[in-house]
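User: I am new to this structure and would like to understand how its descriptive terms are earned. Could we go through them one by one, setting each value against its criterion?

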Amino acid sequence: MNNYPFAFDEVFDIDMTGKFVVTGLFTLMKRSDVVHYIYTHGGSVLSAPTRATDYLIVGGEKSKTWS
């Protein structure tokens, strides 16, 4: 079992086999760790939001492009 500092499927009632978009900067982990977690739990990751997007995950670290 992987030890991640988050557990989407335990905290929220979300379908991990959904389609995700991951954006922003993360303070506790790399974005690649978030993507890996999604893939290993049956989900897929899109490169940009579309109508097919089920979940948008936004890192909480401030970014210069968020003005």
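User: Which residue is the bridge partner of V21 in β3?

Analyst: This is a predicted model, and in it V21 has L56 as its bridge partner in β3. Next to that bridge, V22 has I57 as its partner in β3.

User: What makes β1 and β3 count as paired strands, and in which sense do they pair?

Analyst: Two strands pair if there are at least two bridges between them. Strand β1, residues 19-23, and β3 are joined over four bridges, so the criterion of at least two is met, and the sense of the pairing is parallel.

User: How do you know that β1 and β2 pair as well?

Analyst: Three bridges join β1 to β2, and the two strands run parallel; since at least two bridges are required, β1 and β2 therefore count as paired. One of the positions to look at is K19, which stands opposite S44 in β2.

User: Why are β2 and β3 called edge strands?

Analyst: The three strands form an open sheet in the order β2-β1-β3, with parallel pairing. Strands β2 (44-46) and β3 (55-58) each pair on one side only, and the twist from one strand to the next averages 35°.

User: Where does helix α2 lie with respect to the sheet, and what angle does its direction make with that of β1?

Analyst: Helix α2, residues 31-40, packs on the sheet and touches β1, β2 and β3, while its direction makes about 175° with that of β1. Angles here run from 0 to 180 degrees between N-to-C directions, so a value of about 175° is close to the upper end of that range, and α2 and β1 therefore point in nearly opposite directions. Together, β1, α2 and β2 make a right-handed β-α-β unit.

User: How many helices and strands does the protein chain have, and in what order do they come?

Analyst: The protein chain has two helices and three strands, and from the N terminus on its elements run α-β-α-β-β.

User: Why is F20 called buried, and why is Y55 called partly exposed?

Analyst: Buried means under 20% relative accessible area, and partly exposed covers the span between that and 50%. F20 has a relative accessibility of 0%, which is under 20%, so F20 counts as buried. Y55 has 25%, which falls between the two limits, so Y55 counts as partly exposed.

User: What makes F20 and Y55 an aromatic pair, and why is the pair called stacked?

Analyst: Ring centres must lie within 6.5 Å, and planes under 30 degrees apart count as stacked. The centres of F20 and Y55 are 5.0 Å apart and their planes differ by 25°, so both conditions are satisfied and the pair is stacked. A search of the whole structure finds one aromatic pair, and this pair links distant parts of the chain, with F20 in strand β1 and Y55 in strand β3, 35 residues apart. Leaving out residues up to four places away in sequence, Y55 touches I14, D15, K19, F20 and V21.

User: How do you know that I38 is buried, and which residues is I38 in contact with?

Analyst: I38, which has its place in helix α2, has a relative accessibility of 0%, and because buried means under 20%, I38 counts as buried. Setting aside its neighbours within four places in sequence, I38 is in contact with M16, F20, V22, G43, S44, V45 and I57.

User: Which residues make up the largest nonpolar core, and which element gives the most to this core?

Analyst: The largest nonpolar core has nine residues in all, namely M16, F20, V22, M29, V34, V35, Y37, I38 and I57. Both β1 and α2 supply at least two residues of this core, and α2 gives the most, with four residues. V35, one of the core residues, touches V22 and V45 when residues up to four places away in sequence are not counted.

How values were computed. Residues numbered from 1 in each chain as written. Predicted model: local features only at pLDDT ≥ 70, side-chain atom pairs only at ≥ 80, totals over all residues. Heavy atoms only, no water. Contact = heavy atoms within 4.5 Å. Core = buried A, V, L, I, M, F, W, Y, C linked by side-chain atoms within 4.5 Å. Buried < 20%, exposed > 50% of the residue type's maximum accessible area, 1.4 Å probe, protein only. Phe/Tyr/Trp six-rings, centres within 6.5 Å; stacked < 30°, edge-to-face > 60°. Right-handed = clockwise from strand over helix to strand, strands pointing away.
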